[in-house]
Amino acid sequence: MRRIIYVLLSVIIAASLAACVRSDEKQHDTAGPADTTVKAEETTGEDTTDGKTTDEVTTDADTTAPVTTAPPVTTAPPVTTAPPVTTSPPVTTAPPVVTYPPASSDPVRITYPVSNVCGGSTFTGLPTLATVEYTVNDPYNARGLSKTRVPFSYGVASGGAPHSITVNNQATFDSYGTNALAWDNKSGEKVLYLTFDCGYKYSNLTERILDTLKEKNVPAAFFCTMTYLDDEPAEIARMINEGHIVGNHSVTHPDCTTVSREKLAWELLGVHNYMRVNFGYTPKYFRFPTGAFSEDTVELVNSVGYRSVFWSVAYADWDPQNQQGVESAYSQVTSRLHPGAVILLHSTSPDNADILGRVIDYARSCGYEFRSLDEYGYWK
């Protein structure tokens, strides 16, 4: 806009000057031609053909228009372009820091109410027992016990000696200072501890196993889940009444290293109270589902009064639809026997029901003695 104004002013001024010039020319025309010649001489120091020593310059006022000087052009200042407006990103307000109180190391009480399903009596005929509560000490593991999961392995024993993995397992348990047994490395005797895991009933195999044990007069331990207790109370009662140990194998069969100390205590207490109320029996041995353990879980089991029982002899026998055959099963079990062995068999295996009597006879012929876990003399 300013540039346009400057241009218009220049045009107006030029037009005004032109009008003045025309006025002057009109006055000269009235006065007549000039009668004088203005000569301007400038000495050049050179001769000319007519003998003159000067150059002559004639100025004719009639023919030479006055020089009009245009007003100076005013240059508009450069347009300054404002820098682009930078929009700052919205300020993000950090969420408030929530400070949680430190986990309390105060003991936590665990309860597991159980109803009597026998009309006030028990399946064994023993007096019913009241439910109990557990106190979980150090529920958040403030002591920093290792929670690293150890997937239990036992190795294949041979030559009448435990595998080195079994030796190391027992050394680890001994270092915890808790009641945990994978192999009797203390008695130095040719003793065997026969145990069975009972997750669910399959056919009539448990009855057949109990028949053989009764015939051979061999004690055993049966580790049962809550499902088995619920579904087969008559078999459980027979185990107890015939002098066998019924162990705790948890309510839901979890990987114990993945649950809290409180939840693990709850898993034990459920089976514990159910057996007290409905069988008049108090279990005291626990087997970790899958065998996976940690220092923290073994300590928790010990702290509520249980003894953890692992194993040193076993084979892949748990799937009733994938059995290895009687001779293969017999060979695997008998070739792995060693002094102090804890033998794990599953009650769902038809092969086990078929070979049990032969295994017992073979072991005895080799000088082994079958003992109850109650007879292990080194529980703390």
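Which residues are buried in helix 7 (residues 295–303)? In this predicted model, Asp296, Thr297, Val298, Glu299, Leu300 and Val301 are the buried ones, a run that includes Asp296 and Glu299 alongside Val298, Leu300 and Val301. The cover over these buried residues is provided by several elements, including helix 2 (164–176) and helix 6 (261–279), together with strand 4 (134–136), strand 5 (180–181), strand 9 (285–286) and strand 10 (307–309). Just past the end of helix 7, the chain reaches Gly305, whose phi is positive, at about 100°.

From the surroundings of this helix one can turn to the enclosed empty space. The model holds two cavities of 30 Å³ or more, and the largest of them has about 70 Å³ of space. Its lining is made up of Gln170, Asp174, Thr178, Asn179, Ala180, Leu181, Lys186, Tyr376, Tyr378, Trp379 and Lys380, with helix 2 and strand 5 being the elements that contribute two or more residues each. Both helix 2 and strand 5 are also among the elements that cover the buried residues of helix 7. Sorted by class, the lining of the largest cavity comprises five nonpolar, three polar and three charged residues.

The second largest cavity, with a volume of about 40 Å³, is lined by Tyr193, Leu194, Thr195, Pro219, Ala220, Ala221, Ile245, Arg371, Ser372 and Leu373. Strand 6 (residues 191–198) supplies the largest share of this lining, namely three residues, and the lining as a whole divides into seven nonpolar residues, two polar ones and one charged one.

Methods: Residues are numbered from 1 along each chain as its sequence is written. This is a predicted model: local features need pLDDT of at least 70, side-chain atom pairs count only at pLDDT 80 or more; totals for chains, interfaces and linings use all residues. Side-chain values use heavy atoms; hydrogens and water are left out. Buried means under 20% relative accessible area, exposed over 50%, partly exposed in between (1.4 Å probe, protein chains only). Helices (H or I, at least four residues) and strands (E, at least two) are DSSP runs, numbered from the N terminus. Contact means heavy atoms within 4.5 Å. On a 1 Å grid over the protein atoms alone, a cavity is a set of points where a 1.4 Å probe fits but cannot get out, and a pocket is an open set with protein on both sides within 12 Å along at least five of seven lines; lining residues have an atom within 4 Å of a point. Grid points are joined across faces, edges and corners, and a volume is the space filled by probe spheres set on the points. Ala, Val, Leu, Ile, Met, Phe, Trp, Tyr, Cys and Pro count as nonpolar, Asp, Glu, Lys and Arg as charged, and the others, Gly among them, as polar.
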